[in-house]
Amino acid sequence: MPDAVVIGAGPNGLVAANLLVDAGWSVEVLEAQEEPGGAVRSDRGVHPDYVSDLFSAFYPLAAASPVLARLDLAAEGLRWSHAPRVLAHPLADGRCAVLERRVEDTCAGLERFAGTDGASWESLYRTWRRLEPDLVQALFTPFPPIRAGLRLAAKLRGPGGLRLARSLALPVRRLGEEEFVGEGGRLLLAGNALHADLAPEAAGSGGFGWLMSMLGQSRGFPVPVGGAGALTAALVSRLRRRGGVLRCGERVTSVVVRGNTAVGVGTVGGETVGARRAVLADTSAPALYRSLVGEEHVPSRLLRDLERFQWDFATFKVDWALTGPVPWTAPGAIGAGTVHLADGMDGLTRFAAQIAMGRVPDEPFVLFGQMTTADHSRSPAGTESAWAYTHLPQHVTADAGPDDITGRWDPREQEAMAARIETQVERLAPGFRGLIGARRILAPPTLQAMDENLHGGAVNNGTTALHQQAVFRPTPGTGRPETPVRNLYLASAAAHPGGGVHGAPGANAARAALGPRALRAPLHRAQRM
């Protein structure tokens with residue numbers, strides 16, 4: 001019997017398992033899919049000569065994560081690569097907002113939109129550099145982040161701190177209007193906010209857009225050499241070298257609870273795997289409490305709170321094997337790893353409003369990845385391994401376009417949605433369609449079938465909106481990984497600090513399992529009421 005069982009071999013589950021074996025625990029990781037990685041996987045399924053990332057692809061949060069840094073995955077062979085440019089947002093008139101690797105170059109580009117905007121970007125970046133160490137530490141440590149929080153409070157003491165707090169609480173549209181005269185800086189902030197499910201008018205979207213933009217400026221948007229699966233391979237290699245066990249194709253169907261204590265798990269094959277000390281779940285919160293634990297073991301208050309749990313936007317993704325580089329009309333998009341496609345700020349607002357109404361957007365905001373540009377090993381020279389994704393409503397009520405998409409996602413609807421994405425690309429890169437050598441469509445049900453945590457294609461295990469962050473994640477409580485069941489810990493992005501590949505939820509759960517048991521009893525009074 002192992003000391004701990006980890007449910008799910010996504011990045012958070014693998015981080016948790018690694019930290020537990022480092023502490024001398026015996027650990028067994030059970031993964032439902034036939035391969036590990038969760039949403040960090042790659043394959044050659046589009047074309048045998050092209051490596052395609054199935055889900056996540058660029059990793060600014062991994063680059064900043066102290067959790068992953070401490071694991072020293074370079075010792076397992078993990079290497080990172082960068083595109084010449086971090087991110088671009090081209091416009092139909094040929095202008096292009098570009099997040100460059102060097103802040104001086106970003107500023108020079110923004111000055112072409114408005115003469116003072118370079119200085120405004122530099123000011124935002126100076127604030128970031130002053131706060132970055134403590135802010136990153138606060139984000140990626142268990143809640144509440146007492147030490148890092150105190151250091152941040154000391155740096156923010158006085159009127160300047162209050163003004164910054166106000167700025168980060170703003171909707172990103174308003175933040176952009178206050179900071180920039182031209183459209184370029186505004187688009188960089190707003191496009192980065194919409195990597196999550198934060199509309200330009202959403203409270204706090206300014207802070208998230210600033211965070212992602214400044215991470216891109218300071219750390220870039222790096223990719224693992226050889227594909228996203230290389231990051232997973234490094235985590236698995238490290239785990240196994242230290243004695244951890246990983247079993248794939250082992251679907252867990254229940255958490256065994258005795259005397260309000262998790263003592264193991266049951267699998268679909270009828271096996272019971274005991275756990276002497278802890279069970280850690282890299283699963284969604286609804287799946288853990290309603291399906292795996294069972295409602296009879298969960299406080300009624302928590303069950304009522306789960307009825308209000310909000311998923312983030314659904315996702316629709318297309319992968320391509322392109323026979324040549326993308327023919328962008330805006331030179332600034334050439335060499336960018338990530339390209340945002342939308343018709344200005346109003347296009348972003350219109351897109352988010354359609355989703356809020358349950359409508360499939362007719363002109364979707366497209367996030368486009370040029371993977372060979374970022375890592376030359378992804379496809380033959382002179383070609384491009386590329387992908388694009390867009391957001392959709394979790395529950396479709398209507399189609400804002402002409403194709404009568406209902407959300408069934410049958411082959412006709414998948415083709416129609418893929419055509420909308422390709423139209424957005426073709427508008428800014430005429431001739432794009434003629435370069436498509438092979439294509440794969442990943443609709444929301446397909447994404448969920450490949451990783452059950454991607455409910456309806458939701459990639460962040462719950463909304464990034466303020467009402468489901470910190471002490472509200474996944475439900476009102478403590479913002480910590482402990483659950484009402486003793487020795488059971490939530491180790492997924494459903495827990496604080498949420499989505500993105502950084503390993504913090506898994507690390508927080510592992511630390512909680514290893515920590516003093518005397519501290520655990522009072523943690524869930526809010527959920528027991």
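What is the volume of the second largest pocket? In this predicted model, the second largest pocket has a volume of about 290 Å³.

**View 1. Lining of the second largest pocket.** The residues that line this pocket are Q137, T141, P142, F143, P144, P145, I146, R147, A148, R151 and R480. Helix α6, which covers residues 146-155, supplies the largest share of the lining, with 4 residues. By character, the lining divides into 6 nonpolar, 2 polar and 3 charged residues.

**View 2. The open sheet with the strand order β10-β11-β12.** Three strands form this sheet, and their pairing is antiparallel. Strands β10 (252-258) and β12 (272-274) stand at the edges; each has a single partner strand, so one side of each lacks a neighbour in the sheet. On average, and with direction ignored, neighbouring strands of this sheet are turned by 30 degrees against each other.

**View 3. The pairing of strands β11 and β12.** Strand β11 comprises residues 261-267 and runs antiparallel to β12, to which 3 bridges join it. Within this pairing, G264 stands opposite G274 of β12.

**View 4. Helix α16, residues 411-428.** The helix has 18 residues, which at 1.5 Å a residue should span 26 Å; the C-alpha atoms at its ends are 26 Å apart, so the model agrees with the expected span. The buried residues of α16 are E413, Q414, A416, M417, A418, R420, I421, E422, Q424, V425 and L428. Charged residues are therefore found in this buried set as well as nonpolar ones, among them E413, R420 and E422 for the former and M417, I421 and V425 for the latter.

Notes: Residues are numbered from 1 along each chain as its sequence is written. This is a predicted model: local features need pLDDT of at least 70, side-chain atom pairs count only at pLDDT 80 or more; totals for chains, interfaces and linings use all residues. Side-chain values use heavy atoms; hydrogens and water are left out. Helices (H or I, at least four residues) and strands (E, at least two) are DSSP runs, numbered from the N terminus. The expected span of a helix is 1.5 Å times one less than its number of residues. Buried means under 20% relative accessible area, exposed over 50%, partly exposed in between (1.4 Å probe, protein chains only). On a 1 Å grid over the protein atoms alone, a cavity is a set of points where a 1.4 Å probe fits but cannot get out, and a pocket is an open set with protein on both sides within 12 Å along at least five of seven lines; lining residues have an atom within 4 Å of a point. Grid points are joined across faces, edges and corners, and a volume is the space filled by probe spheres set on the points. Two strands pair if DSSP finds at least two bridges between them. Axes are lines fitted to C-alpha atoms, for helices over the stretch in contact, and angles run from 0 to 180 degrees between N-to-C directions.
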